[in-house]
Amino acid sequence: MITTMAQLEQKLQKADRKQAMLYLFCNFISLMLITAYAAMMFSNTVQTIFPEGGDSRKQMTAIFVLTLFGCTVFTVYASSLFFRKKSRQLGVLMALGASKKKLSRGLLREVFWLSIASSLLGILAGIPFVLLLWNSFRLFLANTDEMRLSLNPTFLLISLLFFLLIVVCSCITALRYLRRTDILDTIQEEHKNEPVKDLGRWCGPSGILLLLAGAISGYFAPGIYMDQFNAMPPLWTKLFYVPVFIGLYMIMLHTIVHGWIPHKKALYKNVISRSMMKFQGKQTVNSLLVCTVLIAGSAFGIFYLPIMLSGNMTKTSGYPYSYSFAYRSDQDIPGQEQIREIASKYGLGIKDYKAGDYTVLGMDGTQEVSDSETTWHYEYSKLLSEGRFWPESDYRRMTGQNIDVAPGEYLAVRGTDGTGSYNISSASTLLTNMSTRQELPISFGGYLAFNSMNTMAPFYVLDDQDYASISQGATPDWKERLVLFNVDGEDSYEFADELFLTIVNANGPECELPFYYDRVQKIASQEKGETYWGDTDAMTQISFQAPDSTDFRSGWVYMPLFRMLDQHDFLRTFAVFLMMFLFIAIVCLMAALIISYTRCQTIALNNRYIFDDLYRLGASPAFLTREIKVQCSKVFRIPAVVGMTIIYVLFCGILYVNDNRFTASELLGLLFSLGVLLLFTVIIYLVYRFTVKKLKVQLGIQ
């Protein structure tokens with residue numbers, strides 16, 4: 001028997017335990033995902049491998065912000081849903097004479113402990129979740145020293161801040177509900193609808209236009225600002241992306257209110273399910289928006305994998321020679337006979353062996369000169385960068401290409417698919433012999449294509465007479481040699497690995513440099529009395545002691561192009577990059593699926609009385625099942641279709657504007673990306689089927 005108000009309150013709380021469990025679940029999942037993502041992003045493993053200021057780190061951070069936004073909206077939505085259900089309990093207690101002051105103490109205490117319990121469990125679960133996923137990656141994909149996960153406790157600050165946000169939002173929402181003065185309104189709160197305002201049928205098309213305009217303006221605004229003001233783009237340039245989210249909201253609003261089927265055809269189609277969603281439109285639109293953003297972030301993160309994999313496949317299959325390496329002429333590097341001896345240990349022979357010398361020259365150009373940390377101006381420099389120059393006759397002999405370089409011009413060598421143009425200087429007007437300081441006026445004459453010369457540093461070709469004139473007197477430290485050959489027999493990874501390590505060990509410390517270390521720039525800086533930036537901590541250091549590391553394999557200036565090595569070791573070399581973006585995709589997709597599942601639960605269960613009424617009026621189980629499927633399919637399908645379509649089109653645009661065309665590797669990567677989206681579709685469909693099955697059980701539909 002209930003004799004006190006406290007007993008009545010406990011009884012009502014027990015009756016609401018299902019809603020409390022939903023609140024606990026939502027907070028738990030949000031904290032677990034945020035903790036896991038933050039733990040990975042701030043781990044020493046990722047921070048060491050991902051270059052400071054690089055595109056990969058920017059992408060990782062941008063997707064984290066989207067995930068943070070999505071989980072924040074999710075938890076706020078969960079708390080509001082919890083209090084809508086809680087309002088009936090509060091109204092009953094207020095009707096029985098309980099004061100708001102007394103109710104506030106009990107309510108805040110309950111919310112506080114529920115929030116703390118769910119948040120702490122989420123944080124604690126996030127760490128083993130990270131370890132489980134990461135070690136699974138190591139077990140099934142790549143297991144190297146660099147893949148050892150080293151967590152940095154800094155990530156706990158993010159989890160703590162997110163935890164505080166949950167507690168504060170929950171307490172504010174609790175106090176807002178307690179301010180209600182109308183007891184009947186409080187009791188009936190859970191049955192109130194939240195229809196969205198109908199903006200008209202123009203809303204959807206206008207949303208699409210806004211989304212496209214925001215994506216284009218947001219992408220190009222920072223670059224335009226940099227070009228116009230010679231300064232780093234300020235934070236406010238990110239506001240150009242705001243129309244994207246407004247457009248997305250309008251698309252979701254149009255989908256819920258009107259749909260995309262012509263009006264007359266859609267007027268009576270699925271009228272019951274559409275009305276249920278429409279009358280709870282605010283919550284539904286917000287959920288769809290968040291899920292769209294999360295699915296888009298998940299797809300964008302995982303696109304990193306097929307693009308890298310397709311790029312490696314295309315690059316290695318396009319090598320005209322299985323083995324290619326370059327070295328400085330003052331180094332004692334294995335020659336043809338020593339290479340034959342190594343190959344013979346593995347039952348291989350050497351064929352098509354070619355070797356040729358070229359000269360490293362200084363090139364002039366315009367460079368950025370910093371005025372402050374965020375602004376700069378441009379200055380001309382006679383010694384801007386180094387370039388590797390071939391005489392045209394040797395280039396013809398090495399490549400078999402019949403070329404003719406006009407006197408006074410130079411041609412640049414890039415890959416056959418147009419890759420490798422990023423570091424090429426096409427505006428140089430003066431070449432300098434760095435040993436004698438002899439100069440040669442020059443102009444750019446166009447491009448050549450040959451894959452085995454498309455190494456870390458750019459190559460150029462000169463007319464024979466120009467080359468003889470400018471290279472005369474160059475010392476061995478400014479001359480280099482390129483070696484090309486194939487193997488006679490089935491290629492061997494063991495041979496490729498031994499030859500690679502032999503070459504590395506034969507180089508002296510003066511060659512222990514990344515590809516962006518420029519000796520010409522260093523000399524120019526020293527002559528100005530300045531310290532070259534490459535000799536400071538700003539440059540990533542590579543070491544001959546770690547030839548298998550990601551930094552070394554992707555950054556050594558004399559890194560060989562061995563087809564067998566590049567194909568076999570690709571996953572190992574870029575394992576941290578690949579695994580991080582795979583992890584991002586899993587976390588974002590999980591968050592989107594959980595939010596969609598929760599939203600389907602609330603739409604159906606909040607309208608349970610409608611299903612009961614329909615059943616009493618004679619609706620068959622098949623009819624009720626169809627209504628459930630229609631609602632659930634919209635919750636899952638709309639974010640999936642919109643999110644994946646938008647991000648795929650955006651990704652295509654990004655690849656195209658890089659060089660105003662699609663390369664063969666990019667087209668292959670886009671095809672693989674479509675396969676990934678198909679896999680996403682299958683996963684989303686399976687979760688949708690599971691959700692429908694669970695709802696049928698909860699609603700008692702057989």
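How much surface does the protein expose, and what share of it do carbon and sulfur atoms supply? I looked this up to begin: about 32,400 Å² is exposed, with 61% supplied by carbon and sulfur atoms (Shrake-Rupley method, 1.4 Å probe; for residues, only the protein chains shown count as cover).

A note to myself on the source: this is a predicted model, where local features need pLDDT of at least 70, side-chain atom pairs count only at pLDDT 80 or more, and totals for chains, interfaces and linings use all residues. Residues are numbered from 1 along each chain as its sequence is written, and side-chain values use heavy atoms, leaving out hydrogens and water.

Next I checked burial. Of the 702 residues, 51% are buried (under 20% relative accessible area, 1.4 Å probe, protein chains only).

Then I turned to the nonpolar cores (buried Ala, Val, Leu, Ile, Met, Phe, Trp, Tyr and Cys residues joined through side-chain atoms within 4.5 Å). The largest has 101 residues, and Y37, F50 and M580 have the most contacts inside it. Helix α22 (residues 575-606) gives this core its largest share, 20 residues. Another core lies apart from it, with 33 residues, including F325 and Y493.

Last, I followed strand β9 (residues 479-488); helices (H or I, at least four residues) and strands (E, at least two) are DSSP runs, numbered from the N terminus. Seven of its ten residues are buried, so β9 is largely enclosed by the rest of the structure. Strand β1 (residues 323-328) runs antiparallel to β9, joined by six bridges, and R328 has E480 as its bridge partner there. Strand β2 (residues 349-370) is also antiparallel to β9, with nine bridges.

Notes: Buried means under 20% relative accessible area, exposed over 50%, partly exposed in between (1.4 Å probe, protein chains only). Two strands pair if DSSP finds at least two bridges between them.
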